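Here is a friendly walk through one model, with an eye on its charged pairs and its enclosed space. Please keep the sequence and the 3D view at hand as you read.

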Amino acid sequence: MQHHEANLKYTVPADRIANPDTASAEELRTAIGDSLPKRSFISPRIVTSVIRVIEFVAVPLIALATAWYYPGFKGAPNGYYYLAAALAMAVVYTTMLQMLGLYRLTALLRPLRHVSRVTLVWLLAFIVLVAGMVLTKNTELFSRVWLALWFAAGLMFALATRLFSSALVRHWNANGQFNRRAVLVGGGETAERVIATLDSSTDTDVTLLGIFDDRDDQRAPTATGGLRKLGTVTDLVDFVRSTRVDLIIVTIPLTAENRLLTILNRLWVLPVDIRLSAHDQKLRYRPRAYSHIGNLPLLDVFDKPLGEWGPLVKAAEDKIIASFAILLTLPVMAAVALAVKLGSKGPVIFRQKRYGFNNELIEVFKFRSMFTSQLDTDASRLVTKGDPRVTPVGRFIRKTSLDELPQLFNVLKGDLSLVGPRPHATKAKAADALYEQVVDGYFARHKVKPGITGWAQINGWRGETDTEEKIERRVEHDLYYIDNWSLTFDLYILARTPFSLLSTENAY
């Protein structure tokens, strides 16, 4: 099933480029980037799972609510029987909906077609529940008026939930948020067969944006299978950082090993799923080794960090814990703000551009720790021990990391996470060389949101980076965190952070 209503291959709107066939690759990239909203991809599986949970929880809540407000129920000694009946009804109802495919996206996109089926399922589930009461000879334990009220209230809520959920689903679908945006790496005949296979598939959730290939137009034509060539692999890296791309399909065969490894080494730093087309491969693996998009077999090379549920879990973790942390630290922040203001002239808050998720520039908040006349907005010069640019108050708050407390508001804003690789300034250096020049694959640490604290920091790699080894060890720890993320790992790092701050050896 192709969830989005658009065609499999994306077409640049006429108001962007009058004649896409004659437009340059750069013009096409710009037009696509401008015409596609940078809304995030929403996994249909997560949406349907959330709706299923909501409906499961709602059934017993409505049952207990009607029982609570029904005058004949108050004071009844058999309240736990009502709860058991409500939970049984929730299981039967949601199971029937699942069996009839009413949690599929197609059913949610067209709710009016399925109103009668949802009503029938509710009726059948109620019949099953009442039949169970009769067979177990427990009908006298339940109020018939309550059953009638629950049936009516539950049915109205079930239909209302469907209509509301469907409105959201249709909105997201119209914005293309259920479709993964994909690009192909490698053109020519192999790419043409991949495109033809996807075109012939009835079960896809991708929209192809274009092809990227380092070869010239003679070896890799400007158009393949109705899909335009948008540039080189270098152009692709920039394209992914300016336009939402969810999936990269590499069509280069395994026999071109050196070319394949060179390309993958340049692409693995991107926060996207990278798949290798297995369409033309003669070597066959076990069926479990493949994933599929429609009829196209793929080998999974790199996965987007955190998985499907991870971003949702991490966002909830950030918002909840950061909100509590702000409430707890407000008196401390007020005291630090007053000390900064009285200690030297200038603003209390220092704003600095740093690299965020997918190399996006974000503005990070800190309490000002330097004299205003000597502020280093892009951190081109490292802060060293006894640095004369740092104010007396600044030395204390830098050593104790109190200067970073305002970053909790960055977390609420969505630019930072509580835990993740620390965001570095744009001109930060190690041994007089920019970080990306020191560490190969440095930007892979930007595959997730940066954090206030991280695995590197609690292991002692914080503060000054005056040697190449210090930034190498930081990046090594950051990549380990990305590859091994879990909620418990985050909570462990948060629990360890206060103790790691006791070591101020490298914090100036």
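## Salt bridges across the chain

The structure holds 20 salt bridges. Please bear in mind that this is a predicted model. Side chains of opposite charge can pair when their charged atoms come close.

Let's begin with D235 and R29, whose side chains form a salt bridge at 3.6 Å, N to O. Because D235 sits in helix α8 (residues 233-242) and R29 in helix α1 (residues 25-35), this pair ties together parts that are 206 residues apart in sequence. R29 has a relative accessible area of 16%, so R29 counts as buried.

## A helix meets a loop

What distance, N to O, separates the side chains of R45 and E308 in their salt bridge? The value is 3.7 Å. R45 belongs to helix α2, while E308 lies in the loop between β8 (296-302) and α10 (310-343), so the pair ties together parts 263 residues apart in sequence.

Are R45 and E308 buried or exposed? R45 counts as exposed because its relative accessibility is 56%. E308, at 36% relative accessibility, counts as partly exposed.

## A buried pair between α2 and α6

The side chains of R162 and E55 also meet in a salt bridge, at 3.2 Å, N to O. This pair links distant parts of the chain, with R162 in helix α6 and E55 in helix α2, 107 residues apart.

Both partners are buried: R162 has a relative accessibility of 6%, and E55 has a relative accessible area of 4%. Each value is under the 20% cut-off, so each residue falls in the buried class.

## The cavity

Rolling a probe the size of a water molecule over the atoms shows where empty space is left. In this model there is one cavity of 30 Å³ or more, and the largest cavity has a volume of about 60 Å³.

Which residues line the largest cavity? They are E55, A58, V59, I62, Y93, W122, G154, F157, A158 and T161. E55 therefore appears in this lining as well as in the salt bridge with R162. Helices α2 (44-69) and α6 (144-174) each supply at least two of the lining residues. By class, the lining has seven nonpolar, two polar and one charged residues.

## A charged network

One more group deserves a look in the 3D view. D273, R275, D300 and D303 are joined in a network of salt bridges.

Notes: Residues are numbered from 1 along each chain as its sequence is written. This is a predicted model: local features need pLDDT of at least 70, side-chain atom pairs count only at pLDDT 80 or more; totals for chains, interfaces and linings use all residues. Side-chain values use heavy atoms; hydrogens and water are left out. On a 1 Å grid over the protein atoms alone, a cavity is a set of points where a 1.4 Å probe fits but cannot get out, and a pocket is an open set with protein on both sides within 12 Å along at least five of seven lines; lining residues have an atom within 4 Å of a point. Grid points are joined across faces, edges and corners, and a volume is the space filled by probe spheres set on the points. Helices (H or I, at least four residues) and strands (E, at least two) are DSSP runs, numbered from the N terminus. A salt bridge is a side-chain nitrogen of Lys or Arg within 4 Å of a carboxyl oxygen of Asp or Glu. Buried means under 20% relative accessible area, exposed over 50%, partly exposed in between (1.4 Å probe, protein chains only).
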